[in-house]
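Me: Could you walk me through this structure with some questions and answers? I am new to it and would like to take it step by step.

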Amino acid sequence: MLEKLFSLRAQQSTVKTELIAGLTTFVTMVYIVFVNPAMLAEAGIDHGAAFVATCLAAAIGCFIMGLWANYPLALAPGMGLNAFFTYGVVLGMGHTWQSALGAVFLSGCLFLLLSIFKVREWVIQAIPLVLKQAIATGIGAFLALIALKNAQIIVASPATFVQLGDITSPGPLLAILSFFVIAALMYRDMKSGVLLSILLVTILAWALGLVEYTGIVSVPPSIAPTLAQLDIASALEISMLSVVFAFLFVDLFDTSGTLVAVTQKAGIADKEGRMPRLGRALSADSSATIAGSFLGTSTTTSYIESVSGVSVGGRTGLTAVVVGMCFLLMMFFAPLAQMVPAYATAGAILYVAVLMLQNLKLVNWDDMSDAIPVSVVLLMTPLTFSIAHGIALGFISYTAVKLACNKREEVSISVWVLTILFIVKFAIS
């Protein structure tokens, strides 16, 4: 049956290899079940329900990707998108978490339509490469700010907006330790470095009496507080336009980049980079996002950590199915997730931020018409505490600078349309 479903022999793989690959991928990305519920809880979502929704959305995405697209690609609620959901849309813009879930649903539907009608390539190609790089770096800076804030390494100041916190207190010290442990382990190619760091800091916090032991295993919490609570009607308001586009763009670029990286590593893509069953893979991603919004979690997307599983031999969708089964089993470890303090996950968030900031090396800083839009997104995303505002201001500045530099031929029709829409959004909001 497994041979029929996944064509193991054709991909020169075995069940044992796929099982090991799936477990490897799961260990490298399971940190999200600790980070995501804690982050969504700050938006007012029940922590237990968010934990179960995270596990279920990840499992659904992995099963669809594995059984439908036959790709060794795992999915889960995305880092950056969950931060934007909580700190940008709910706490920053004042929308309810139900409206934010509605925006996630709409972005997933748009992504699915783009995949079905095969216009994804047109959309991605129409967006300038420099803006794609800018968005990635802007999200990285946004995550860095959130990590430092959650760890209380930086705190609010009435005089200077932000200032250095008391870094000699236990929380900031443990967060700094977490980040350094991750750096050391990942440098030594320890695939589970992020997870081990979170567990280490949580154990230390418990030993120091900073957190209370609540157990390891239990019956999964109820998902009733978030199930089908999304508010689609309010997400259709004009004020939510940039939010929906932000969820869509980030998911679109993340998925595309991850697909290219994983399929090339696995030898699935051909020499020209063409990927078989691409439509199915994209449909899996968008379908998981739609399902996740009904369950009660932020955008579900493909994880670059899937490369870890591919590196140990994963070649088929069985790898993704194994990851999905692991996420289902993870639902019984809710007490462990509730024990993890914010500063234990701050190091993980900061590490992801560093990875995303690496896109800065790809920017042509000698061309000011590229450097300025990137700088605008990089600075305005964290300083406005909103990925949506960062993207919108990036598009507007890109168009304005290209016109000022007599490079209007570099401004595509799609960029013109989005620039005008973002200007209208700012004008009427």
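Me: Are both Asp370 and Lys402 buried or exposed?

Reply: Happy to help! Please keep in mind that this is a predicted model, where local features need pLDDT of at least 70, side-chain atom pairs count only at pLDDT 80 or more, and totals for chains, interfaces and linings use all residues. Residues are numbered from 1 along each chain as its sequence is written, and side-chain values use heavy atoms, with hydrogens and water left out. Buried means under 20% relative accessible area, exposed over 50% and partly exposed in between, with a 1.4 Å probe and protein chains only; by that rule, both Asp370 and Lys402 are buried.

Me: What joins the side chains of Asp370 and Lys402?

Reply: Their N and O atoms are 3.0 Å apart. The two residues belong to distant parts of the chain, 32 residues apart, with Asp370 in helix H18 and Lys402 in helix H19; helices here are DSSP runs (H or I, at least four residues) and strands are E runs of at least two, numbered from the N terminus. A side-chain nitrogen of Lys or Arg within 4 Å of a carboxyl oxygen of Asp or Glu gives the contact its name, and for Asp370 and Lys402 that is a salt bridge.

Me: Which residues are linked in a network of salt bridges?

Reply: Lys402 also meets Glu410 in a salt bridge, at 2.7 Å from N to O. Lys402 counts as buried because its relative accessibility is 0%, whereas Glu410 counts as partly exposed because its value is 36%. The network is made of Asp370, Lys402 and Glu410.

Me: How many salt bridges does a search of the whole structure find?

Reply: Besides the pairs of Lys402 with Asp370 and with Glu410, there is one between Lys407 and Asp367, whose closest N and O atoms are 3.1 Å apart. That pair links distant parts of the chain, 40 residues apart: Lys407 is in the loop between helix H19 (387-404) and helix H20 (413-428), and Asp367 is in the loop between helix H17 (342-357) and helix H18 (368-383). The search of the whole structure gives 3.

Me: Is Asp367 buried or exposed?

Reply: Its partner Lys407 has 22% relative accessibility, so Lys407 counts as partly exposed. Asp367 has a relative accessible area of 19%, so the word for Asp367 is buried.

Me: How are H19 and H20 placed relative to each other, oblique or not?

Reply: Their axes, lines fitted to C-alpha atoms over the stretch in contact, are 9 Å apart. H19 passes H20 in a left-handed crossing, meaning that the near helix is turned anticlockwise from the far one by less than a right angle, while clockwise would be right-handed. The angle is about 120°, on a scale from 0 to 180 degrees between N-to-C directions. Under 35 degrees counts as roughly parallel, over 145 as roughly antiparallel, 65 to 115 as roughly perpendicular and the rest as oblique, so H19 and H20 are oblique.

Me: What is the arrangement of H4 and H15?

Reply: Helix H4 (residues 47-69) and helix H15 (residues 317-330) have axes 7 Å apart, and H4 passes H15 in a left-handed crossing. Their packing angle is about 165°, so H4 and H15 are roughly antiparallel.

Me: Where does Asn70 lie, and what is its phi?

Reply: Most residues other than glycine have a negative phi. Asn70 lies in the loop between H4 and strand S1 (75-77), and counts as buried because its relative accessibility is 11%. Asn70 is not a glycine, and yet has a positive phi of about 55°.

Me: Which residues make the nonpolar surface patch of about 620 Å²?

Reply: Patches are made of residues with over 30% relative accessible area and no salt bridge, joining like charges within 9 Å and nonpolar side chains (Val, Leu, Ile, Met, Phe, Trp, Tyr) within 5 Å; areas come from the Shrake-Rupley method with a 1.4 Å probe, and for residues only the protein chains shown count as cover. One of the members, Ile216, is in the loop between helix H10 (193-207) and helix H11 (232-235), and counts as partly exposed because its relative accessibility is 35%. The patch is made by Ile203, Trp206, Tyr213, Ile216, Val217 and Phe332.
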